[in-house]
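Me: I'm new to reading protein structures. Could you walk me through this one, feature by feature?

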Amino acid sequence: MMPIPLSWWLTVSAALFSIGVYGALSRKNAIGILMGIELVLNAVNINLVAFWRYIAPTDISGQVFAIIVITVAAAEAAVGLAIIIALYRRRQTAVVDDLDLLKN
Amino acid sequence: MPFDPSQIPIVQIVFFVMTACAIGGAIGVVSSPNLFHSALYLVLSLFGVAGYYVLLSAGFLAVVQLMVYVGAIAILILFAIMFARRLMGQGENQNNQQWWLSLPIVMILFAVLVGVVNTVSWPVSGAEPTGDTVMELGHAFLGSYLIPFEVVSILLSVALIGGIFLAREKVEAEEA
Amino acid sequence: MPIEIPTLNIAALTPFLAVTVTAFVVMFFELFVNDKRILGYLSLLGLAVAAISSVMLLGVSPAPAFQEMAISDGYALVLNLIFIVTAALSILISLSYLGDRALQRGEYYALLLFSTGGMMLMGAATDLIVVFMGLEIMSIALYVLAAFNRRKMGSGEAGMKYFILGAFASAFFLYGVALVYGATGSTNLSAIGNWFTSGGGDLTDPIALVGLSLLLVGFAFKIAAVPFQWWTPDVYQGAPTSVTAFMSVGAKAAGFAALVRLLMVSFGQAFTLDWQIAVAALAVVTMTGGNIAALAQKDIKRMLAFSSIAHAGYILVGVVPGTIDGVQAVLFYLMGYAFMNIGAFAVVAVLEHRVAISSAIEEYAGLAARKPLLAAAMLLFMVSLTGLPPFVGFWGKLYVFRAAVEANMSWLAVVGVINSAISAFYYLGVVVQMYMRPAAATEDGEEVVPISLSGPVTITLAVAVIITVILGIWPTPLVNLTSLAVFG
């Protein structure tokens, strides 16, 4: 018998997901938004690993998916930060609201 | 009742400590007025999640989490913040104008998710992971998951090419 | 534990491999070649190989590849052709549009090819892991391409906005995948389908509801459906026009590719029963929202961006019935859309670059007098995008709406027709500018910059015009091609 029920993990994951979404919606700085997105991806991984452990422990696919998510997150963060840095060099800002060239 | 060390719910205690790290860190990430502190809270939160993986008997994943997430992604974010000093924004309000609107939206989202995950009867199997999960992972990556494994390398090449191109110092003459 | 040799069936992925390998070859020659335009032609060669192999595979019975992770069925192969056409036309625009200076780089062509490869993967994927990987390869390359013009502020801004919203959408998508994995114990599309049909649960049970909703949100971002469309105008306006042309069709088609396979293969019957109304609602708000917003635009790239939202709505009309006829209509529409929309962007690119005018619609005043051929081409694309005969856009709409009518959803077709009528106002507004307004610049003695039509972009224009007209008069070849698009 496992000492921690599956629903605890899922609740924690839901909390992390919601906090991450809040961060992505409420921050005005691109790096702040990116950190919120990283929290969401961690919530995804908690779910995947918990499902693997509780529902299909003999089939490793949940862990495989989690590792792929981590790798993709790294690639995404690298490109995202490169875009942010390149823009910062030009504009001295990474505040999304300050980026208003593209309006009618 | 005599004291019995085996009665201490050690796993649960560890779970709550890790939850304090993960959730507490996450709240710090989204609420700290200083972006640099946010990034440090992110490291704390990622540590908490790595602890979860240990509790879930996914030790390899815990190591990956520490190396890639804490070691690479979080550090990269810290570097980016330090590179662009004005991003730290000490004392500045880091929230946009709609933050008060997102709070209730996220509350509803959370309520729905918690409601769903606690009502569904998950097909929990009592089975334990068989054998060495590290070896199983290796077999999976070179067996059934060969294509995602190979495609990840393409993805990383794309990120490498794109990242280097964009972040290079030299920018040619301006053209509004 | 012995190592199982997996069944690879590499042949099934030849088009994907051709494109990806070409991308690496391009990066290699970037080191040696001075005139980077050669790399553009090299990319076209790779796309040609991919196209030929796709056509050849169409004759072979579909075989699952890589342990049920991907499949080269007719559906995937026809989509491949759509992606290849999109990429090739965009490369031809780029060869002219990027000029011969700093922007003309090997990285550009390599990333465009990688992105095309990611789209192909999305079309062929039969496992949510591979769908996700394809989505990410496509998106990460597109983030960089949108920000590619580092000399222009707007380009970096476009890249950043696209990145933030795209990453956010991917995260939602992943959370949905995780929940579906928990409920069904698998990420394989047919296994998920089996779980539903074998009574594991129906689509009204809460986890499918939340999981599928999150997946839909992720896809809705990619295809730019209302209410997840706000990134579109800014990104389309700021990105280099050749990139805008590429992603307006390619990214949309890839999003639909994976969405349709998911709905048809995994959710199948249950989709038509429980989910039809949700997708129908999405189609209606997307069509109407895109068209109404497009009416107010003064910049042609923004106008085309909002109109592309509307087109996503029309295409969703074909998805709603959940029939194979609907799917084939969707593919017909996408192929036609590739030619007419990229053609329109090619005109924008020609004017933007040769004359160095902005993309404001007023700048098109008097174009007919200055450059009758170019204006005629634009007229043709605008009429075709409106959906009037005798151009390919008309047949696309006809097939999509007919699929809705046959599924007893005539009201949806009626909404679509009303929307097409609305769209005539802004499409024909461009025509009015070109043909009925005098050019503004000449009065204060300013020299009129000659618009020279030359170089590879003319090939894009010529091909787009010819195909739009020919398929408008004689749509049978494309109908026959899309009828090969069945799920394996």
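Me: What pLDDT does chain C average, and what share of its residues score at least 70?

Reply: Keep in mind that this is a predicted model, and pLDDT is the predictor's confidence in each residue. Chain C averages a pLDDT of 86, and 91% of the residues in chain C score at least 70. For the complex, the predictor gives an ipTM of 0.93 and a pTM of 0.93.

Me: Where in chain C does pLDDT stay under 50?

Reply: Look at residues 442-447 of chain C, where pLDDT stays under 50. For that stretch, the model has two contacts beyond four places in sequence.

Me: Let's turn to chain B. How many helices and strands are there in chain B?

Reply: Chain B has six helices and zero strands. If you follow its sequence, the pattern reads α-α-α-α-α-α. Of the 176 residues in chain B, 32% are buried. You can also ask how far along the sequence the contacts reach: taking contacts in chain B between residues at least 6 apart, 58% join residues at least 24 apart.

Me: How many residues do chain B and chain A each bring to their contact?

Reply: Chain B brings 75 residues and chain A brings 63 residues. On the side of chain B that touches chain A, two or more residues come from each of α1 (10-31), α2 (35-55), α3 (59-83), α4 (99-119), α5 (133-142) and α6 (146-167) of chain B. The largest share, twelve residues, is from α3(B). Sorted by type, this side of chain B has 55 nonpolar, 17 polar and three charged residues.

Me: And which helices of chain A supply at least two residues to the side that touches chain C?

Reply: Here 34 residues of chain A are in contact with 34 residues of chain C. The helices α1 (6-26), α2 (30-54) and α3 (61-91) of chain A each supply at least two residues on the chain A side. The largest share is that of α3(A), with 16 residues. By type, the chain A side holds 26 nonpolar, five polar and three charged residues.

Me: How do I read a single helix? What does α6 of chain C reach from its first C-alpha to its last?

Reply: A general idea helps: an α-helix has 3.6 residues a turn, so residues three or four places apart point the same way. Now the case here: helix α6 (residues 153-184) of chain C has 32 residues and reaches 46 Å, close to the 46 Å expected at 1.5 Å a residue. Since 29 of its 32 residues are buried, α6(C) is largely enclosed by the rest of the structure. After α6(C) comes Gly185(C), with a positive phi near 75°.

Me: Now a single residue. Is Met119(C) buried or exposed?

Reply: A residue counts as buried if 20 or more other C-beta atoms lie within 10 Å of its own. Met119(C) has 32 of them, so Met119(C) is buried. You'll find Met119(C) in helix α4 (residues 106-124) of chain C. Leaving out residues up to four places away in sequence, Met119(C) touches Phe83(C), Gly134(C), Met138(C), Gly250(C), Ala253(C) and Ala254(C). Leu79(C) is 40 residues from Met119(C) in sequence, and their C-alpha atoms are 8.8 Å apart in space.

Me: Which residues is Ser43(C) in contact with, leaving aside neighbours within four places in sequence?

Reply: Ser43(C) is in contact with Thr22(C), Val26(C), Ile91(C), Tyr109(C) and Leu113(C). Ser43(C) is in helix α2 (residues 37-58) of chain C, and Ser43(C) is buried, with 27 other C-beta atoms within 10 Å.

Definitions and conventions
Residues are numbered from 1 along each chain as its sequence is written. Chains are lettered from A and ligands numbered from 1 in the order in which they are written. This is a predicted model: local features need pLDDT of at least 70, side-chain atom pairs count only at pLDDT 80 or more; totals for chains, interfaces and linings use all residues. Two residues are in contact if their C-beta atoms, placed from the backbone, lie within 7 Å. Helices (H or I, at least four residues) and strands (E, at least two) are DSSP runs, numbered from the N terminus. Ala, Val, Leu, Ile, Met, Phe, Trp, Tyr, Cys and Pro count as nonpolar, Asp, Glu, Lys and Arg as charged, and the others, Gly among them, as polar. A residue is buried if 20 or more other C-beta atoms lie within 10 Å of its own, exposed if 12 or fewer, and partly exposed in between; C-beta atoms are placed from the backbone. pLDDT is the predictor's confidence in each residue, from 0 to 100. The expected span of a helix is 1.5 Å times one less than its number of residues.
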